[in-house]
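Student: Please take me through this structure by question and answer.

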Amino acid sequence: MAEVPLLRATDMTKSYAGVQALKSASLELRAGEVHALIGENGAGKSTLIKIITGAVEPDGGELRIEGKTVTNNSPRVAKALGVAAIYQQPALFPELTVAENIALGVEESGMGGRVDWRGRRKRAAELLAQVGARIDPDADAGDLTMPQQQLVEIARALGADAKVLILDEPTASLSEEDTQNLFNVIRTLRERGVGMVYISHRLEELPVIADRVTVLRDGRTIDTRLMSEVNRQQLIQMMVGRELSAVFPKREVQLGDVVLELRDLGCAEGGIKNVNLSVRAGEIVGLAGLVGAGRTELARAVFGLTPVDSGQILLRGEPVRIGSPAEGIRRGIAYLPEDRRRHGVILDMQIGANITLASLDRISRRGVLDFKREKELAGDYARRLGVKTPAIYVPVATLSGGNQQKVALSRWLLTKPSVLILDEPTQGIDVGAKSEIHALMTDLAAEGVAVLMISSELPEILGMSDRVAVMYGGAIVEILDRADATQEKVLALALGHDAAEVASAGAD
Amino acid sequence: MKFSRYKRELSAALAYVVLLVAVGAAAPTFFGAGNLRDLALNNAPVLLVAVGMTLVILVGEIDISVGSQFAVCSVAAGWLAKEGVPVALLLPSVLLLGALMGAVNGALVGYLRLPSIIVTLAMLVAWRDALRWVTQGEWVQGLPPDFQWFGLGQTLAQWLIVGVALGVLVAFSWMLRNLGAGRAVYAVGSDAEAARLAGIEPRRVVFGVFMLMGALTGLAALLNAVRFSAVPSNAGIGLELKAVAAVVVGGAAITGGRGTLVGTLIGAALLGTIGTALTFVGINPFWEKAIQGAIILAALVSDVALGHFERMRVGGLTLKTAGASK
């Protein structure tokens, strides 16, 4: 251990708008090792990576590269120090040729420099040969397949003399064969002394490719272990071993009839396959899964945002076709979208107008708005949800994140929905607002609303749900009862492991 | 609170008052009845088109084909009158024709999702050249006697034209504020996807707004045409610029979601008065366009400055709220 590690990040902290993404994350990378970095959605992997690549400035902690402390990190500084990152979605310029794309990362001449076309092509060909790729340097990058584009990116990183290579879920959309190719390239790089941080949700491939593994949970580094010393179940336990400290205001509710039922629902555009699910009045069904498992896509299909092309949606036993959100709302469905900053509320609009936006019919007579009624209703809901604001006629942009989310939720409650779909309802909001929203969900269930809650937070899923449906690859792989659902089981299913394994994980 | 919400309109109004006071001091004859009447009459058609343009800009689009639509409607009104269509039927015919041309834009922009600047640029050229080809550049002459001034006599018709323009402005202003549809216009312009998630159909709103734009252009063309004894085949050149400028000077955001028709009225008045005012003060009217350009730039720059100031204030408020909720 005397040798100086290639990269060492110590006690990194970072918070975004009051929410702590990293509490104390550390990572040590040696030259010539493949170091796996794993953790649930939101554990802080991307934030840590962004700090290393200089995209994000940490609040605290120390970053050393080859023993030297890095100050004033920026993408430019990180690149000069030999850090390169390759993301799941290749970031090449599709209109430029392969050689030009590689040159962009490698050539240092300024805007006025002249292009040495021949040298550029030759170097591109050499670098591509080093990663074992047979790709024409003159081809347009946009015409390459995804795995080919990845190899071009790796070649570019090599050309820039990268010593630290970060691979963010590189195999997420690769075939078995392409994955093996990539692994061969990774092994070659390892022999050349490149240190690689390897992020993946595919735990089964880690023993094949990784030397060590670091587990992040809730923004903290839990442990770093030799890959040969841990098995998959131990890894899962390290990932989820989160204290269920928060008390969830869950109440026993008398369940009513099935309100929403999905039968063999499929939607090619959203990648949804054969989904069967039912939600009863008063029931909260949690929809768990990794980002990209199809949870949001499923919600969008039910709400009429993406066309359903097979199967059926039934409301109170009656098959319905929902072609647009307007139709969904008329049928009593409400959908609180994820990422309220983007489309959950209209930031420039007043709080009152935001709350009534989906219920304009209810506050107007023959199309003419009744401002008095609007003020009453909006004020009513703003009070009921505890929106902290001096007045309801200020723009929503003036509110904090948690209060914006309450406005978004008020809008949907005012429509008096019988089915309420919540997509990451408490993501990125402060603790107080979070538990208020949880309490509200319980109240709604008690009033007989059928609630479908998408969440990436396992404690929230386990704490609030009567049943947990776990999605993987666009399908629901298992539906667990509240009593049977554990963090380990849900995570293992979300990672795509089969039921038998899950059973043994539970017994562990 | 109320004042700060309309500060863009207020600053345009202030500029207008300053202009009027300055001109009044330098050349009191500016406020003669005849001059004021001419100003109102000349600007009434522009105001009508600017009302439609306000709606289009509020939903985050733009229509630069209105000048050509205006020409088509003018010529069509003349032809229909010559064919013996009674004056009472001219209005619905021209409204319909305008609405149809607007619907073409609306369908292409709303439903096919083509960028409005390109669609309406194409229409600007297409309608204008089609009209030139059909008319061979000839004016519509030999109109029936009851075409000019609607056969109502000059004074009454002049009051009517100005009254209709202001009435339309008031009506649309009321609708924008009081109808669910008006709310939808603002919502779509602020964030079309968020509006869609709230059950509004942005495509329909965009289509409807372009159709109204066309109908209002038709109305403006008719009210303008009856002032003369012949209809020129090249009417309305540069009308789109006047309308867009009035809306922007009136404080609307070119990106959509913010603006009022009162602002547009002030903007149209300010830009429409400048040229005449210059003549009265004795400045060469060739400066008119340059000064109008400067006013538009000033409006945009002050908008950016105000926006920046607002964000700073909003930032402070957010911090306070977050602290209070802890």
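The dialogue below treats chain B, a sheet of chain A, the contact between the chains and the nonpolar core.

Tutor: This is a predicted model, in which local features need pLDDT of at least 70, side-chain atom pairs count only at pLDDT 80 or more, and totals for chains, interfaces and linings use all residues. Residues are numbered from 1 along each chain as its sequence is written, with chains lettered from A and ligands numbered from 1 in the order in which they are written.

Student: How many helices does chain B have?

Tutor: Helices (H or I, at least four residues) and strands (E, at least two) are DSSP runs, numbered from the N terminus. Along the sequence, chain B reads α-α-α-α-α-α-α-α-α-α-α-α-α. Strands number zero, and the helices of chain B come to 13.

Student: What radius of gyration does chain B have?

Tutor: The radius is taken over C-alpha atoms, and the globule rule is 2.2 Å times the number of residues to the power 0.38. For 326 residues a compact globule would have a radius near 20 Å, and chain B agrees with this, having 21 Å.

Student: In what order do the strands of the open sheet in chain A stand?

Tutor: Two strands pair if DSSP finds at least two bridges between them. β12 (272-280) and β15 (318-320) of chain A each have a single partner strand, so they stand at the edges. The pairing is antiparallel, and the order of the four strands in chain A is β12-β11-β14-β15.

Student: Which residue of β14(A) is the bridge partner of A:L262?

Tutor: Strand β11 (residues 258-267) of chain A pairs with β14 (residues 310-315) of chain A in the antiparallel sense over five bridges. In β14(A), the partner of A:L262 is A:I313.

Student: How many residues of the side of chain A that touches chain B are nonpolar?

Tutor: Residues are in contact if their C-beta atoms, placed from the backbone, lie within 7 Å. The contact takes 31 residues from chain A and 26 from chain B. Ala, Val, Leu, Ile, Met, Phe, Trp, Tyr, Cys and Pro count as nonpolar, Asp, Glu, Lys and Arg as charged, and the others, Gly among them, as polar. On the side of chain A, four are charged, ten polar and 17 nonpolar.

Student: Which helix gives the most to the largest nonpolar core?

Tutor: Such a core is a set of buried (20 or more other C-beta atoms within 10 Å of the residue's own, placed from the backbone) Ala, Val, Leu, Ile, Met, Phe, Trp, Tyr and Cys residues joined through C-beta atoms within 7 Å. Of its 256 residues, A:I421, A:V451, A:V490 and B:A77 touch the most other members. With 16 residues, the helix that gives the most to this core is α10 (residues 202-225) of chain B.

Methods:
Buried ≥ 20, exposed ≤ 12 C-beta atoms within 10 Å, placed from the backbone. Contact = placed C-beta atoms within 7 Å.
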